[in-house]
Amino acid sequence: MTYRAPVSDILRYGERVRKNGLALLEAPGNDAVSSTALAAAGATLILFTTGRGTPLGFPVPTVKIASNTALAQRKKNWIDFDGGEVLQSGLDASSAELLSLLTKIASGETTAAERNGEREIAIWKRGVTL
């Protein structure tokens, strides 16, 4: 299954979505700063892949996707989806399961971060700090 979409806009850090379609956001790579920037730009759902199980949540529902099954099993209370299942169940089955989960969360089901009360923000400060 292949999905394609033309890029409709490119946003700088701190800008909000202006057009319908796929927008790219230029933001620092730090987990907390980039996810806060996504929420500030207008994202209504964040898919957060993790190899360490970072226990963060942001101002919008943040779906934690473990990169491997061992992590998903160790951090059950932090992880929403086991990406390692692709190796066991195959890409099509795992994709369908993830889409089902995202549909439920978009319809109001809570994420692990929401259940754990994790709602952080981090602002990137440019320039010199004295």
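Helices here are DSSP runs of H or I with at least four residues, strands are DSSP runs of E with at least two, and both are numbered from the N terminus. With that in hand, you can read the chain from its N terminus as β-β-α-β-β-α-β-α-α-α. That gives five helices and five strands. Before going on, know that this is a predicted model, where local features need pLDDT of at least 70 and side-chain atom pairs count only at pLDDT 80 or more, while totals for chains, interfaces and linings use all residues. Residues are numbered from 1 along each chain as its sequence is written, and side-chain values use heavy atoms, with hydrogens and water left out.

Let's start with the overall picture. The C-alpha trace spans about 50 × 35 × 25 Å along its principal axes. Of the 130 residues, 33% count as buried; buried means under 20% relative accessible area, exposed means over 50%, and partly exposed is in between, using a 1.4 Å probe and protein chains only. We'll also talk about contacts, meaning heavy atoms within 4.5 Å. Among contacts with a separation of 6 or more, 36% come from residues 24 or more positions apart.

Now for the sheet. Two strands pair if DSSP finds at least two bridges between them. Look for an open sheet of three strands in the order β3-β4-β5, with parallel pairing. β3 and β5 (81-82) are at the edges with a single partner strand each, so one side of each has no neighbour in the sheet. β3 (46-50) pairs with β4 (residues 62-66) over five bridges, and β4 pairs with β5 over two bridges. You can follow a path across the strands: T50 has A66 of β4 as its bridge partner, and A66 stands opposite D82 in β5.

Stay with β3 for a moment, and watch its side chains alternate. I46, F48 and T50 point to one face and are buried, while L47 and T49 point to the other face and are not.

Where do the buried side chains go? In soluble globular proteins, nonpolar side chains tend to be buried together. A nonpolar core is a set of buried Ala, Val, Leu, Ile, Met, Phe, Trp, Tyr and Cys residues joined through side-chain atoms within 4.5 Å. The largest one here has 11 residues: Y13, A32, V33, A37, A39, I46, F48, L56, F58, V60 and A122. The elements giving two or more residues to this core are α1 (31-41) and β3, and α1 gives the most, with four. A122 is a good residue to click on: leaving out residues up to four places away in sequence, A122 touches Y13, A32, V33 and T36. There's also a second, separate core of seven residues, including V63, F81, L98 and L101.

Helix α1 deserves its own look. It is mostly covered, with eight of its 11 residues buried. Those are A32, V33, S34, S35, T36, A37, A39 and A41, and the buried residues of α1 pack against β1 (7-11), β2 and β3.

Next, some empty space. On a 1 Å grid over the protein atoms alone, a pocket is an open set of points where a 1.4 Å probe fits, with protein on both sides within 12 Å along at least five of seven lines, and lining residues have an atom within 4 Å of a point. The largest pocket has a volume of about 260 Å³, counted as the space filled by probe spheres set on the points, with grid points joined across faces, edges and corners. Its lining has 14 residues, with V17, L38, G42, A43 and T44 nearest the centre. β2 (22-25) and α1 each supply at least two lining residues, and β2 gives the most, with three.

Finally, visit two loops. N77 sits between α2 (69-74) and β5, and counts as exposed because its relative accessibility is 60%. N77 and R115 are 38 residues apart in sequence, with their C-alpha atoms 8.9 Å apart in space. Setting aside residues up to four places away in sequence, N77 touches A112 and N116. E109 lies in the loop between α4 (91-106) and α5 (112-115). At 40% relative accessibility, E109 counts as partly exposed. Beyond its neighbours within four places in sequence, E109 is in contact with L101, K104 and E114.
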